[in-house]
Amino acid sequence: MSRPRDEQSKEERDRRVLELWERVVEVEQRLIPTGLHVFGRASGERECADLLRAVASFDRPECGARALHDLVSEALGLGPYERLITDKTEAGWRARARVDEEVRACVELFLREGTAAACELLQKESGVDPAESRKVFELLGRIREQLGTSGELEGLARALRGEYVEPGPGADIVQNPSVLPTGRNTHAVNPYAVPSHTAYERAGRVVDTLLARHRAEHGRQPRTMALVLWGLDNIKTQGEGVAQALRLLGMRPLRDSLNRVTEVEPIPLDQLGRARVDVVMTVSGIFRDLFGATMLLLDKAVRCVAELDEPDELNPVRANVRARVAEGVCTAEEASLRVFSNAPGSYGTNVNFMVMDSQWESADALGDLFVTRKCFAYGRALEGREAKGALSRALSSVEAAYQNVDSFEIGITDVDHYFEYLGGVSKAVERHAGGRPAVYLSDALSRDARVRTLPEMVRLETRAKTLNPKWYEGMLGHGFRGVAEIESHVTNTFGWSATADAVDGWVYEEVARTYVLDEQMLERLARLNPHSARSLVARLLEAEGRGFWEAEAGIVERLREAFSDLEDRIEGVA
Amino acid sequence: MKVTALIVGSSLLGPLRRAEGEINRRHAAGLSVCAYNLGAPLAEGEWASVESDLCGSEIVFVIHVTDGENASRLIELLRRQGEPGRTVVVINCMPELMRQTRMGGLTFGAKGGLEGADGGGRARRLLKSVGSWMGGQARARRKGGGHGQYLRLVERMPALLRFVPNAGRLRDLKHYLYLFCYFLQPTPANVASMLLYALKHYGGERRLSDVKVPPPESVPAVGVYHPDAANIFESFEAYRRWYDARARRSGTQLLGPSKTVGLLLMRTNVVSGTRRHYDALVRAVEREGLAALPVISTFMDNRDACAQFFVEEGRPRVSQIVSLTGFSFVGGPAMNDSEAAVEFLKGLNVPLRSAVSLDVQTIEAWRESHTGLNPVQAGMQVAIPEIDGATEPFVYGGMPAEGVEPAALEERCVRVARRLRRWNRLQTEERRGLKVALVLFCFPPNKGNIGTAADLDVFPSLHEILTRLSADGYDVEVPADADALRERLLGGNSESFGAVANVAYRMNVEEYLRLCPYASEIEAEWGAAPGRINAFGRDLLIQGVRLGNAFAAVQPTFGYEGDPMRLLMSRGGAPHHGFAALYTYLEKVFGADAVVHVGTHGSLEFMPGKQVGLSGECWPDRLIGELPHVYLYSVNNPSEGSIARRRSYAGLVSYLTPPVEDAGLYRELASLKELLRAYRQSADERERESLYAAIEEKAGALHLSPE
């Protein structure tokens with residue numbers, strides 16, 4: 001906690017101001033969806049400046065375009081933009097603001113007057129070579145044009161006429177603008193191409209940040225981590241999550257003469273420059289299905305590390321395996337199991353169902369359910385063998401849990417799957433390791449590859465979305481469905497309390513103030529979708545009942561009243 | 001004498017077995033041929049027997065091996081055994097394996113090229129290209145070099161060989177090329193000759209040294225194959241004459257662009273006579289009233305086969321293409337050029353389906369497996385064709401554990417064929433007569449959640465869709481607006497049944513048991529029908545509204561609600577009666593011609609069953625049945641979408657994600673930023689102090705304590 005004001009030196013105050021500045025700007029600049037899509041409708045009229053700016057903030061080697069931010073930063077003589085965003089001093093913030101302003105101005109001019117004007121502005125103001133900036137604006141122009149028309153109904157009509165529906169990749173637009181135009185038959189990736197060179201490179205930065213973050217708070221890097229691997233981010237990034245697992249283990253992927261990733265090899269410790277990290281991978285059923293060969297590779301990587309002749313303190317995989325064998329609890333074979341998923345042909349942890357349907361009394365049940373559903377081991381000759389003991393033992397040494405998030409379109413309170421997996425595994429660790437692990441998420445789709453703790457991420461999502469008028473008014477613009485979306489965010493937030501105790505009490509209070517205690521708002525919700533409004537109020541009451549927040553008695557009373565009013569209203573509707 | 005053949009796929013085992021018998025019969029050679037399929041990683045036990053067989057073999061053939069793990073284990077094994085007298089013939093494998101070739105003085109160098117023999121000009125170049133072929137394929141992206149080379153080799157190789165001298169330092173080189181010639185045309189006779197040729201020159205058996213080995217027989221490189229025809233047709237016209245005459249005699253469908261299914265067959269299977277699975281599928285297609293045009297795939301680049309046989313003056317002769325090659329459309333086994341494939345298929349505008357033959361796992365292993373296809377097949381035969389836009393990855397045949405050639409899975413062939421017919425109906429029938437089911441989700445199941453779908457406002461979307469269908473000539477009712485549509489679905493008679501949505505149909509238990517062939521299996525899981533979910537009295541409730549020839553339905557959930565025991569099961573059992581009743585209704589009562597699932601995502605594709613390469617026992621397969629399936633899917637979710645493609649044969653139509661904007665600041669956050677800005681800009685220490693006090697107060701109210 002901060003000390004009383006008078007004891008603070010000027011420097012401390014300045015630091016605190018910049019820290020707050022960073023956190024405010026972090027919310028302000030977070031990209032959020034502001035509404036829902038209607039199938040077949042073009043979004044020509046929609047606000048796309050922020051989206052285009054985000055697209056322009058990344059290098060696009062496929063069209064020879066460099067990030068606008070780097071072009072500006074370098075032309076202004078400020079060096080690479082990356083350096084500016086990691087410089088948290090007053091000077092750093094000023095430099096960054098200058099670049100951001102130039103970029104903002106030129107993208108706005110581009111939207112009003114087109115490529116030539118924007119290039120000219122950039123050249124005049126910052127000295128950016130128009131030959132470079134033109135490539136960026138040409139890409140932005142294409143995206144804008146594609147957003148201005150919709151091929152979705154035509155795609156559906158073609159499909160129903162039994163015609164060929166063109167395939168296309170799937171990703172966030174910012175991540176891969178070639179997902180446009182929509183109306184196409186989305187495909188996954190060739191599993192043998194994973195992880196790509198780029199994914200392995202990018203994973204290096206995220207893993208460094210992750211380990212540094214943990215070291216800063218816990219004095220040393222974690223010896224064992226639990227990783228959640230999904231198909232989603234691994235398809236969209238050609239295997240960044242997989243690459244992160246390999247990096248943590250200190251392994252690198254190898255390609256065969258047909259350019260397929262079919263082998264792994266250890267990075268020698270002197271090159272790695274740190275201890276290896278043992279990783280317990282809980283893998284979604286979808287990842288399992290889409291990346292069968294990759295699961296074999298990850299299993300192979302663990303076994304390879306377990307057999308390296310290295311000191312225990314630098315090779316926790318080997319140390320953990322040997323300890324289990326020495327305890328006499330299992331064979332080395334079983335002690336090396338690290339890749340777990342559902343039973344073959346079965347999907348999901350069911351933790352989300354249990355939470356949403358309030359079918360749990362003690363939170364332990366959620367951790368146990370996770371283990372029950374996810375204790376099937378994959379790897380060479382395993383094919384999903386049930387191994388509850390092995391998963392429980394592997395989780396018992398976990399100090400940190402982590403999941404790669406590569407999307408702002410699908411955030412941790414947008415869907416129930418993040419809490420069922422990352423929350424589920426962290427609750428399972430708590431059960432078996434006797435303590436709650438540190439829980440981290442990356443923001444892989446950002447310039448600085450940030451890593452946040454789970455509570456930080458929940459706060460950020462809450463501020464940027466759930467409590468943000470820009471977000472909820474966007475949703476309410478869609479009436480009935482919008483209310484259901486708001487309710488679903490509250491329930492997903494609740495899921496983070498249930499599984500990981502990662503939600504501050506004030507979050508519930510602010511949600512209650514925003515949606516229930518504000519009578520006008522409550523009336524709007526009730527009018528648009530009384531059923532979801534009722535579910536939302538019920539969830540807040542459940543959160544209070546389960547002790548996730550200590551609500552003032554008056555607030556609880558008003559929630560109860562609201563609930564019974566909504567009940568009456570729904571009955572009356574009937 | 002013993003020959004060990006390490007092969008991949010389903011085309012060589014049969015001819016090898018026949019050759020073994022024939023050579024023993026004619027030459028009393030006492031030959032035994034041991035063969036292993038190295039398409040997917042072998043188990044430890046299998047490696048032990050490979051090792052012992054290799055040990056006693058005079059000659060080893062290694063053909064088509066590209067699996068990384070198998071290749072490296074095999075290389076290690078060959079090195080370890082290091083038997084100097086043993087001949088190793090490696091054909092068409094990855095470069096590191098090519099280098100294991102041992103034939104007299106012949107070896108392959110680092111890049112798969114020739115070493116150890118000087119001179120030889122043309123023969124040397126030939127060998128070099130043959131040796132580096134597989135590696136070259138991976139590098140030849142977009143150049144099409146590997147493909148042209150293949151066809152040239154097939155046609156010209158025997159002629160070229162005449163220029164290579166029989167004796168002297170090129171002797172082994174010539175022998176290798178001869179064996180390669182037989183391999184390129186793996187007819188039963190050529191495979192026998194390949195064995196005999198190798199035994200004659202490298203077997204060390206005197207009695208075979210004077211045997212006359214026939215020269216390679218030749219089969220056209222491309223053409224049309226039909227199980228009922230004696231020969232391969234080298235032109236479409238020749239096939240048409242034969243086919244239409246036969247069709248007139250038997251009263252079956254004539255070839256015609258709207259009613260013909262084009263099939264792409266693997267050349268090796270056609271040539272080697274291991275094609276019963278093809279025959280069964282062709283016949284199943286014809287039984288459904290469609291004409292079949294099965295052509296030999298041009299392997300590395302199917303655009304050639306398609307352009308030659310499936311297109312006439314720029315117009316397609318077929319209305320659907322089914323690839324049975326198991327490879328990408330352009331690129332063959334070692335790479336895929338999906339851009340070229342898409343460009344071509346877009347021009348043709350004919351849907352591509354890719355069906356799977358179990359070539360590197362057995363039918364029995366697949367049947368028993370909960371996984372379905374092994375990772376090699378799932379990657380090569382499903383994931384890669386998908387990138388070309390191929391749909392409906394049905395398993396239709398494969399290698400039986402105790403057989404030497406592929407067999408058909410009859411029930412699967414019928415399913416594939418019926419679905420082709422259903423799709424053909426969508427292509428050819430008057431739209432006003434076609435019925436479309438539009439299925440919405442509702443999760444968790446309460447009225448507020450009707451129309452659950454990531455990123456999508458479902459009711460306006462549904463309204464747009466109905467409007468479009470109506471404009472396109474489908475006979476559907478379009479409610480006044482999205483709200484009216486929602487009212488119809490949410491309201492209606494729902495309350496009187498305690499249902500989330502309007503009940504459009506009550507399927508009584510007797511009807512359900514009669515129409516749903518799997519009802520008894522469901523009863524074993526969920527008790528007697530109708531059960532307690534989506535049920536009312538003795539009826540199962542079908543929730544939705546009928547809108548002319550459209551039916552907007554609400555899909556039930558898994559049925560976990562209020563059932564903690566079921567949540568705890570680690571393996572799923574079956575969908576509940578209400579779930580099965582909906583799809584039974586859509587197919588058999590409503591009579592849907594197509595099902596559209598509206599938005600990301602429902603439960604059908606996550607029902608229990610194999611992961612990929614489903615059987616008729618898998619629930620998603622049973623539920624979707626014969627119905628053409630289109631799934632509207634958020635473009636940012638390729639992972640769950642792929643499950644829908646593989647497990648419920650959906651063609652996806654992607655939709656855009658919502659607009660994104662900077663979150664911006666609001667209320668107290670916005671004023672905090674102003675205070676912070678003022679503080680940073682102020683040079684006056686007293687002002688800064690008072691600003692700081694305000695900042696801390698505001699930060700406290702916003703719960704922004706230091707992190």
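In the predicted model, helix H21 of chain A, spanning residues 454-466, is mostly covered, with 11 of its 13 residues buried. The buried positions of H21(A) include the nonpolar residues A:Leu454, A:Met457, A:Val458, A:Leu460 and A:Ala464. Charged residues are also among them, namely A:Arg459, A:Glu461, A:Arg463 and A:Lys465. A:Thr462 and A:Thr466 are likewise buried.

An open sheet of eight strands is found in chain A, with mixed pairing and the strand order E10-E9-E8-E7-E4-E11-E12-E13. Its edges are formed by strand E10 (385-386) and strand E13 (450-453), each of which pairs on one side only. At the E10 edge, strand E9 (residues 376-377) of chain A is joined to E10(A) in the antiparallel sense by two bridges. In this pair of strands, A:Arg385 of E10(A) stands opposite A:Ala377.

Two helices of chain A lie across strands of the sheet. Helix H9 (residues 197-218) lies across strand E11 (400-403), strand E12 (438-443) and E13, and runs at about 145° to E12(A). Helix H20 (residues 417-433) lies across strand E4 (224-229), strand E7 (278-283), E11 and E12, with an angle of about 170° to E11(A). Strands E11 and E12 are thus crossed by H9(A) and also by H20(A).

The largest nonpolar core comprises 412 residues, and A:Leu249, B:Val436 and B:Ala437 have the most contacts inside it. Helix H8 (residues 171-184) of chain B supplies the largest share of this core, 10 residues. Apart from its neighbours within four places in sequence, A:Leu249 is in contact with A:Arg276, A:Val277, A:Val279, A:Ala301, A:Val302, A:Val305 and A:Val317. Of these partners, A:Val279 falls within strand E7 (278-283) of chain A.

Contacts between the chains involve 113 residues of chain B and 119 residues of chain A. On the side of chain B that touches chain A, 59 residues are nonpolar, 31 polar and 23 charged. Strand pairing also links the two chains: strand E1 (residues 31-33) of chain A and strand E24 (residues 660-662) of chain B are antiparallel and share three bridges. Within this pairing, A:Ile32 has B:Glu661 of E24(B) as its bridge partner.

Chain B is divided into four domains: domain 1 (2-208), domain 2 (236-428), domain 3 (431-655) and domain 4 (667-701). A distance of 70 Å separates the C-alpha centres of domain 2 and domain 4 of chain B. By these bounds, B:Val436 and B:Ala437 of the core belong to domain 3, while helix H8 of chain B (residues 171-184) lies in domain 1.

Terms used. Residues numbered from 1 in each chain as written. Chains lettered and ligands numbered in written order. Predicted model: local features only at pLDDT ≥ 70, side-chain atom pairs only at ≥ 80, totals over all residues. Core = buried A, V, L, I, M, F, W, Y, C linked by C-beta atoms within 7 Å. Buried ≥ 20, exposed ≤ 12 C-beta atoms within 10 Å, placed from the backbone. Helix = DSSP H or I, 4+ residues; strand = E, 2+ residues; numbered from the N terminus. Contact = placed C-beta atoms within 7 Å. Pairing = 2+ DSSP bridges. Domains from an automatic or database assignment. Axes fitted to C-alpha atoms, helices over the stretch in contact; angles between N-to-C directions.
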